[in-house]
Amino acid sequence: MEKNTRKIEPGTPTPDPKYHLEITADGPYLVYGNPPLQQEIFVLNKEQIPWEYAKGHKYPTDNEPTALCRCGQSKNHPYCDGSHHHADWDPTLTAGNIPLLENADLYDGPRVQLADNTEYCVHARFCMARGTVWQLTEDSDNTEAHDLAVHESMYCPSGRLKLWDKEEEKFYEPPLKPALGLIEDPQEECSGPLWVKGGIPVNGPNGTEYEQRNRVTLCRCGASANKPYCDGTHVTVHFQDHLPLSTELEEKMK
């Protein structure tokens with residue numbers, strides 16, 4: 001049995017211990033503590049690049065635990081309906097349990113430093129919303145560039161991008177409460193990962209304790225090569241959970 005002391009990424013809050021998520025070896029995610037579960041829908045700016053999130057439909061997590069689909073083939077998304085038993089998918093958890101920042105590339109700017117770990121890229125595109133976050137970091141002596149770098153890095157759902165304030169000596173992190181998000185990307189006509197927020201611990205089989213982080217995105221299409229994490233494959237395979245968006249939100253997307 002694999003055992004390890006859980007690592008905690010800087011800037012991660014400590015949630016109520018009732019919250020945790022267990023990954024079964026060949027089946028669903030099991031969610032404990034009844035955190036809120038809601039669609040998080042990409043909203044585009046005038047440059048037609050994701051800029052913010054719109055809240056979509058809520059889904060109950062009353063069951064203890066609540067089983068959420070991991071194979072991508074449930075007929076009852078976001079919940080598991082047993083499809084993993086006969087689905088053509090590989091449930092193997094291949095990601096190394098290495099702290100995200102340990103393998104990150106560093107980009108230095110006058111006021112901030114950007115840590116970027118591409119293994120966690122989910123193709124959310126917030127990093128290109130108004131100039132790239134890498135160029136904005138380099139130009140961060142300019143107030144507008146600095147503020148845009150903060151925005152773009154903090155809207156990265158996976159936490160692949162983390163911005164360090166060199167004067168305050170701390171990371172910028174969004175103030176996320178424990179919750180789960182179902183990411184939806186209407187522009188790419190696909191559904192994205194399960195967004196685990198606010199430091200909810202994620203555990204694997206055999207006692208594995210994954211690094212505890214404020215922002216984590218877990219594969220929901222069943223096709224990631226970096227399970228349990230999302231690697232953006234949902235865009236390539238055009239994964240669809242077929243969950244409806246509200247009419248109001250559909251109008252906002254146009």
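The following legends describe close-up views of a predicted model of one protein chain.

**Figure 1. Overview of the protein chain, with its four helices and 13 strands.** The C-alpha atoms occupy a box of roughly 55 × 45 × 30 Å along the principal axes. The radius of gyration is 18 Å, which agrees with the value near 18 Å for a compact globule of 254 residues. Of these 254 residues, 54% count as buried. The accessible surface of the chain comes to about 11,800 Å², and carbon and sulfur atoms contribute 49% of that area. Among contacts with a separation of 6 or more, 65% are made by residues 24 or more positions apart.

**Figure 2. The open sheet of four strands, in the order E5-E2-E1-E12.** The pairing within this sheet is mixed. Strand E5 (66–68) and strand E12 (202–203) form the edges, and each of them pairs on one side only. Inside the sheet, strand E1 (residues 20–23) and strand E2 (residues 29–32) run antiparallel and are joined by four bridges. Across this pair, Glu-22 stands opposite Leu-30 in E2. In a regular strand, side chains alternate between the two faces of the sheet.

**Figure 3. The hairpin that joins E6 to E7.** Three residues make the connection between these two strands. Strand E6 comprises residues 105–108 and strand E7 comprises residues 112–116; the two run antiparallel, with four bridges between them. One position to locate in this view is Asp-105, whose bridge partner in E7 is Asp-116.

**Figure 4. Helix H2 and the elements that cover its buried residues.** Helix H2 (residues 143–154) contains 12 residues. From its first C-alpha to its last, H2 reaches 17 Å, close to the 16 Å expected at 1.5 Å a residue. At the start of H2, a side-chain oxygen of Asn-142 comes to within 3.0 Å of the backbone nitrogen of Glu-144. Which residues of H2 are buried? They are Ala-145, His-146, Leu-148, Ala-149, Val-150, His-151, Glu-152 and Ser-153. The cover over the buried residues of H2 includes strand E4 (50–59), E7, helix H1 (133–138), strand E8 (161–165), strand E9 (170–172) and strand E13 (215–218). Strand E7, shown in the hairpin of the preceding figure, thus reappears here as part of that cover.

**Figure 5. Surroundings of Ala-87, in the loop between E5 and E6.** Is Ala-87 buried or exposed? Ala-87 has a relative accessible area of 17% and is therefore buried, since the term applies to values under 20%. Apart from its neighbours within four places in sequence, Ala-87 is in contact with Cys-71 and Gln-73. Arg-6 provides a point of reference in another part of the sequence, 81 residues from Ala-87 along the chain. The C-alpha atoms of Ala-87 and Arg-6 are separated by 32 Å.

**Figure 6. Surroundings of Asn-226, in the loop between E13 and helix H3 (233–237).** Asn-226 has a relative accessible area of 14% and is therefore buried. With residues up to four places away in sequence not counted, Asn-226 touches Thr-94, Ala-95, Glu-119 and Asp-231. What lies 3.3 Å from a polar atom of the side chain of Asn-226? The backbone oxygen of Glu-119 is found at that distance. Glu-119 is thus one of the residues that Asn-226 touches, and its backbone oxygen is the atom to locate in this view.

Technical notes
Residues numbered from 1 in each chain as written. Predicted model: local features only at pLDDT ≥ 70, side-chain atom pairs only at ≥ 80, totals over all residues. Heavy atoms only, no water. Pairing = 2+ DSSP bridges. Buried < 20%, exposed > 50% of the residue type's maximum accessible area, 1.4 Å probe, protein only. Contact = heavy atoms within 4.5 Å. Expected span 1.5 Å × (residues − 1). Polar contact = N/O pair within 3.5 Å; in protein donor to acceptor, adjacent residues only side chain to side chain. Rg over C-alpha atoms; globule rule 2.2 N^0.38 Å. Areas by Shrake-Rupley, 256 points an atom, 1.4 Å probe, with all protein chains shown as cover.
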